[in-house]
Amino acid sequence: MESAKKFFDWAFDTRAENVIRLSKGEMGSPEKMFLSFCSHEPAFVSFGPAGLNASVKGVGFLPRDEYLEETLEIYLRHIATYQPGDKTYGQRGLKILIDQMYGPEAKKRVDFTRLGSLEMAKRQSWQNYQVNPQACLIFHQPPMISYKLKGTIEIYDEKRSGKRELYQQFINAQHDMYHNPVGMENWKEQPAYLFRIEEVYDNSATRAGFGRQLAYPLDPEEA
C-alpha cells in the first residue's frame, strides 16, 4: 500500500511554500495564489441533527503537544504588538510562522496526526459534530488532485467548558498572526475543531488514485 506521505507533502509543503513566498513578496499571480489555497480549505462532511452536510473550512497543522504552549506564548506576544495601521504586523507574523511551523527546521515540531479549524457559522456542521463526531474531509485542487481524510472531531469551546482551551486559543492565534487580530475577547465566539486523522485516501483522477487507501499512520522516519 502506498504511503500517505504524498498527501502530507502536498498539504503541508504547499502551505509552507506559500507562507515562505508570501514573506518574500513572491506570491506571483492571484490565480496561482488562490489555487494554492486548495490545500488549506477542504470540505468538512458531517451527518447528524442537521442532516447530511458539507461545508468548506480553513484548516491548519498544529505543533506537537510538547511545543503547543510554547508556540502559543510566542504567538500571543506578537499579537499584543498590533496597532491599527501597522503595516509591518503581517510580515513580522509570517517570519514567526516560518520559525515555529513552516520553515525546514520547524517541520520536526509539527503533528501530522491532527488538523485544526475554527467554527465561525455555528450552523449545520456545528449541530452535527456536537452529536456525531465522525467526519470526512475532502480536498480538491483542479484539475486532478484530490484527497479524502476520515476521522473524528473534538470540539474545544471555552464558553461551554468554562476553562482555558489551549487548542481554541492556538488556532485562533495562528489565524491572527498574519491577519489583523479580531481581539482575544472575540476568540471565545469561535470554537475550535480538532480533526484526528484516522484514514487517508487518494481520490485524484490518476491511475494511483480513484479512492485508493494510503498507508497511515506514517512511519516515524517519513513524518
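This is a tour of selected helices, strands and loops, in the order in which to select them.

The model is predicted, so local features are taken at pLDDT of at least 70 and side-chain atom pairs at pLDDT 80 or more, while totals for chains, interfaces and linings use all residues. Residues are numbered from 1 along each chain as its sequence is written, and side-chain values use heavy atoms, with hydrogens and water left out.

**Stop 1: helices α3 and α4**

Select residues 65-79, which form helix α3, and residues 89-102, which form helix α4. Helices here are DSSP runs of H or I with at least four residues, strands are runs of E with at least two, and both are numbered from the N terminus. The two helices pack at an angle of about 170°, with axes 10 Å apart. An axis is a line fitted to C-alpha atoms, for helices over the stretch in contact, and angles run from 0 to 180 degrees between N-to-C directions. The angle therefore makes α3 roughly antiparallel to α4. In these terms, under 35 degrees is roughly parallel, over 145 roughly antiparallel, 65 to 115 roughly perpendicular, and the rest oblique.

Show the side chains between them. From α3, Thr 71, Ile 74, Tyr 75, His 78 and Ile 79 meet Tyr 89, Arg 92, Gly 93, Ile 96, Leu 97, Gln 100 and Met 101 of α4. Contact means heavy atoms within 4.5 Å. By class, this contact of α3 with α4 has seven nonpolar, four polar and one charged residues. Ala, Val, Leu, Ile, Met, Phe, Trp, Tyr, Cys and Pro count as nonpolar, Asp, Glu, Lys and Arg as charged, and the others, Gly among them, as polar.

Next, select Gly 85 in the loop between α3 and α4. Is Gly 85 buried or exposed? Gly 85 is exposed, with a relative accessible area of 65%. Buried means under 20% relative accessible area, exposed over 50%, and partly exposed in between, with a 1.4 Å probe and protein chains only. Add Asn 180: it is 95 residues from Gly 85 in sequence, but the C-alpha atoms are 9.6 Å apart.

**Stop 2: helix α7**

Keep α3 on screen and add helix α7, residues 166-176. The axes of α3 and α7 come within 9 Å and cross at roughly 45°, an angle that makes α3 oblique to α7. The crossing is left-handed, a term for a near helix turned anticlockwise from the far one by less than a right angle, with right-handed used if clockwise.

On the α3 side of this contact are Asp 65, Leu 68, Glu 69, Thr 71, Leu 72, Tyr 75 and Ile 79; on the α7 side are Leu 166, Tyr 167, Gln 169, Phe 170, Ala 173, Gln 174 and Asp 176. These residues divide into eight nonpolar, three polar and three charged.

How many of the eleven residues of α7 are buried? Nine are, and the helix is mostly covered. The buried residues include Tyr 167, Phe 170, Ile 171 and Ala 173.

**Stop 3: Ala 192 in β7**

Select Ala 192, in strand β7. Ala 192 is buried, with a relative accessible area of 0%. Beyond its neighbours within four places in sequence, Ala 192 is in contact with Ser 117, Leu 118, Glu 154, Ile 155, Tyr 156, Tyr 167, Gln 168 and Ile 171.

**Stop 4: strands β1, β2 and β5, and helix α5**

Move to β1 (43-48) and β2 (51-56). They pair in the antiparallel sense over six bridges and form a hairpin with two residues between them. Strands pair if DSSP finds at least two bridges between them. Gly 48 has Gly 51 in β2 as its bridge partner. β1 also pairs with β5 in the antiparallel sense, over three bridges, and Phe 44 has Leu 137 in β5 as its partner.

Now add helix α5, residues 124-131, where Ser 125, Trp 126, Asn 128 and Tyr 129 are buried. Their cover includes β1, β2, β5, β6 and β7.

**Stop 5: backbone details**

Most residues other than glycine have a negative phi, and most peptide bonds are trans. Select Lys 122, in the loop between β4 and α5; its phi is positive, about 55°. Lys 122 counts as partly exposed at 30% relative accessibility. Phe 210, in the loop between β7 and β8, also has a positive phi of about 55°, and Phe 210 is exposed at 63%.

Finish at two cis peptide bonds. One joins Pro 142 and Pro 143, with omega about 5°; Pro 143 is in the loop between β5 and β6. The other runs from Tyr 216 to Pro 217, with omega near 10°; Pro 217 lies in the segment after β8.
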